[in-house]
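Biologist: Before we discuss any labels, could you put the sequence and the model in front of us? I would like to go through how each term is justified.

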Amino acid sequence: MKNVKTKLYVFICLVSFSACSTKKNVTNAYLKNGGNQYVTELNASNYSSVKDKYIIGYYAQELGVKERDLNNVLLFRFIDEWIGVPYRIGGNTKSGIDCSGFTNLLYKNVYHIVIPRTTGEIYKELDVKPYTSLKEGDVVFMNYDGKKNSHVGVYLKNGRFVHASTSKGVMISDFNQVWYQKAYSTGGEVK
């Protein structure tokens, strides 16, 4: 992540210096959503900052998708803030967090939805759907150590999901890897 921060710093410096001599033409505007929202060149993108643009670019690469396929800047901002936080059973802070705590905080901060705190309670609230129908934001469950639905994460795109791993902390993993294919149990929307 240090490499990402260094690249971001260089990028921001370049943009800052070049922005001094450029003007943004705000006259190029149009009405959107039947005339309810006025869109200009300044707010036409989904990014509120250069950092957001960089975050989306970084995670598009990580997920193997195009930037335009990632519309939820809040989700990837949240993930970026938590990536690398160590695993701690029962934890709910950046000094350590467990899988259900991470999923709970992600839902609260990104989707403004309060979900149960434990994996078992989240599972009880699940509207199950086939793996091929999973969408960004759906919860996914895995079986660990012979225990059914004992681990939870949040599906992103292209077979990738974010979770708090017991060995590496908060990370993005890939269901295309054999180990996760075997561990996958079920997924779907929280009711």
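**Strands, rings and a helix**

Modeller: Alanine 164 stands opposite valine 170 in strand 9, and please keep in mind throughout that this is a predicted model.

Biologist: What makes strand 8 and strand 9 a pair?

Modeller: Two strands pair if at least two bridges are found between them; strand 8 (residues 160-165) and strand 9 have 6 bridges, in the antiparallel sense, so they qualify as paired. A hairpin of 3 residues joins strand 8 to strand 9.

Biologist: Why is strand 9 described as largely enclosed by the rest of the structure?

Modeller: Strand 9 covers residues 169-174, and 6 of its 6 residues are buried, which is why it is described in that way.

Biologist: Why is the pair of phenylalanine 78 and phenylalanine 102 called tilted?

Modeller: Among the 16 aromatic pairs counted, phenylalanine 78 and phenylalanine 102 lie 5.8 Å centre to centre with 35 degrees between the planes. The centres must lie within 6.5 Å, and an angle that is neither under 30 degrees nor over 60 counts as tilted, so this pair takes that name. The pair links phenylalanine 78 in helix 3 (residues 73-82) with phenylalanine 102 in helix 4 (residues 99-111), 24 residues apart, and both phenylalanine 78 and phenylalanine 102 are buried.

Biologist: Then why is the pair of tyrosine 123 and phenylalanine 141 called edge-to-face?

Modeller: For tyrosine 123 and phenylalanine 141 the angle between the planes is 85 degrees at 5.5 Å centre to centre; because planes over 60 degrees apart count as edge-to-face, the label follows. Tyrosine 123 belongs to helix 5 (residues 119-124) and phenylalanine 141 to strand 6 (residues 139-144), 18 residues apart.

Biologist: How do you know whether tyrosine 123 is buried, exposed or partly exposed?

Modeller: The relative accessible area of tyrosine 123 is 34%, and since buried means under 20% and exposed over 50%, tyrosine 123 is partly exposed, whereas phenylalanine 141, at 0%, counts as buried.

Biologist: What makes you say that the charged end of lysine 94 sits over the ring of tryptophan 82?

Modeller: The charged end of lysine 94 is 5.3 Å from the centre of that ring, set against a limit of 6 Å, with a further condition of lying within 35 degrees of the ring normal.

Biologist: How do you know that the span of helix 2 agrees with what it should be?

Modeller: Helix 2 (residues 50-63) has 14 residues and should span 20 Å at 1.5 Å a residue; its end C-alpha atoms are 20 Å apart, so the two agree. Serine 49 caps its N-terminal end, with a side-chain oxygen 3.3 Å from the backbone nitrogen of lysine 51, and glycine 64, just after helix 2, takes a positive phi of about 70 degrees.

Notes: Residues numbered from 1 in each chain as written. Predicted model: local features only at pLDDT ≥ 70, side-chain atom pairs only at ≥ 80, totals over all residues. Heavy atoms only, no water. Buried < 20%, exposed > 50% of the residue type's maximum accessible area, 1.4 Å probe, protein only. Helix = DSSP H or I, 4+ residues; strand = E, 2+ residues; numbered from the N terminus. Phe/Tyr/Trp six-rings, centres within 6.5 Å; stacked < 30°, edge-to-face > 60°. Expected span 1.5 Å × (residues − 1). Polar contact = N/O pair within 3.5 Å; in protein donor to acceptor, adjacent residues only side chain to side chain.
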